[in-house]
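This report looks at how selected helices, strands and aromatic side chains are arranged in one protein chain. The sequence and the structure are shown first.

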Amino acid sequence: MKKPKMFQVSTLQALMLGYTKSVITVEELLTHGDIGLGTFEDVDGEMIVLDGHCYQADAKGAISEAKSDKGVPFCAVSHMEEQSAHKIENIFQIEDLKRFLDISIDEAFALNSMHIVRIDGFFNKVMARSEDGLKSRHIELKKILENNQQDFCFENIEGTLVCIYFPDYMDGINATGWHLHFISKDKSLGGHVFDINLKEGTAFFSKISTIEIKFPDTAEFDTYDLKEASEKDIKAVEQGKA
């Protein structure tokens, strides 16, 4: 049996600098993985891939299943291969959860590998955000989110966190550390997560040692200086403070 690989569309640097055009479709994306996260063409909402389905969270946190021909400018997916599972409870903020996840992969001697973790549980609170799309050229992601992003809070809700980890040396390819998206059990609510309060759940870990990146093949992509996006801006976007 083949080991799972990470399949990524474009790079975080390109998205940060405003390359938000479609690179592949949702239909093609789902041939490469059954779990993951990303966004859609023109940054039209947050993407959650779970159990082989691709979901779109709109600016109010409402979920719909993405159409097969919808464009994808940036995402990372894999086929989930559960290698370990841990019960967790009473996680009061996102930094506590990230600390638990860091310790778990450190104990497995795997800090320099990529990981996907699925956490099914009951949440006292999930603080999240999403956004409406904006057709644009070379408008930085930070600027798009400043105008189109909305925050929301889900309370007393069952659901799943999709958590992706990239090690520090892969900075710019994707966000280093942990990146989390949420979808409710009934597939009605979700978004990009910047804080949580988890009552109890189970975390399923999958270590990934191979990556395939699909770069845009347009001439426009080659006009971007992909080292211009600042670490400060990336962190601001990741933490929902753009």
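## Packing of helices, strands and rings

The buried residues of helix α3 pack against five strands, namely β9 (84-91), β10 (114-131), β11 (149-166), β12 (177-184) and β13 (190-208). The model is a predicted one, and the descriptions below should be read with that in mind.

Helix α3 covers residues 94-107, that is 14 residues, and spans 20 Å from its first C-alpha to its last, close to the 20 Å expected at 1.5 Å a residue. Its buried residues are Ile94, Leu97, Lys98, Leu101, Ser104 and Ile105. Viewed down the axis of α3, these buried residues fall within an arc of 120°, so they line one face of the helix. The general background is that an α-helix has 3.6 residues a turn, so residues three or four places apart point the same way.

In helix α4, which comprises residues 141-148, the residues Leu141, Ile144, Leu145 and Asn148 are buried. They cover an arc of only 95° around the axis, which puts them on the same side of α4.

Two residues deserve attention for their backbone angles. Most residues other than glycine have a negative phi. Phe109, which follows α3, is not a glycine and yet has a positive phi of about 55°; this residue is found in the loop between α3 and β10, where it is exposed, with a relative accessible area of 77%. Asp42, likewise not a glycine, has a positive phi of about 65° and lies in the loop between β3 (35-39) and β4 (46-50). At 13% relative accessibility, Asp42 counts as buried, because the cut-off for that class is under 20%.

A search of the whole structure finds eight aromatic pairs, and the table sets out two of them.

| Pair | Centre to centre | Angle between planes | Arrangement |
|---|---|---|---|
| Tyr165 and Trp178 | 4.9 Å | 45° | tilted |
| Phe215 and Phe221 | 6.2 Å | 40° | tilted |

Tyr165 lies in strand β11 and Trp178 in strand β12, so this pair ties together parts that are 13 residues apart in sequence. Tyr165 is buried, with a relative accessible area of 7%, and Trp178 is buried as well, with a value of 4%. In the pair of Phe215 and Phe221, Phe215 counts as partly exposed at 41% relative accessibility, whereas Phe221 is buried at 8%. Phe215 and Phe221 also belong to one aromatic cluster, together with Tyr19 and Tyr224.

Strand β1, made up of residues 6-9, has Met6 and Gln8 pointing one way and Phe7 and Val9 pointing the other way, and all of these residues are buried. How is this strand joined to β14 and to β8? Strand β14 (residues 211-214) runs parallel to β1 and is joined to it by four bridges, with Phe7 standing opposite Glu212 in β14. Strand β8 (residues 74-78) pairs with β1 in the antiparallel sense over three bridges, and here Val9 stands opposite Cys75 in β8. Strand β1 therefore has a parallel pairing with β14 and an antiparallel pairing with β8.

Conventions. Residues are numbered from 1 along each chain as its sequence is written. This is a predicted model: local features need pLDDT of at least 70, side-chain atom pairs count only at pLDDT 80 or more; totals for chains, interfaces and linings use all residues. Side-chain values use heavy atoms; hydrogens and water are left out. Helices (H or I, at least four residues) and strands (E, at least two) are DSSP runs, numbered from the N terminus. The expected span of a helix is 1.5 Å times one less than its number of residues. Buried means under 20% relative accessible area, exposed over 50%, partly exposed in between (1.4 Å probe, protein chains only). The arc is that of the directions from the helix axis to the C-beta atoms. Contact means heavy atoms within 4.5 Å. Rings of Phe, Tyr and Trp (its six-membered ring) pair if their centres lie within 6.5 Å; planes under 30 degrees apart count as stacked, over 60 as edge-to-face and the rest as tilted. Two strands pair if DSSP finds at least two bridges between them.
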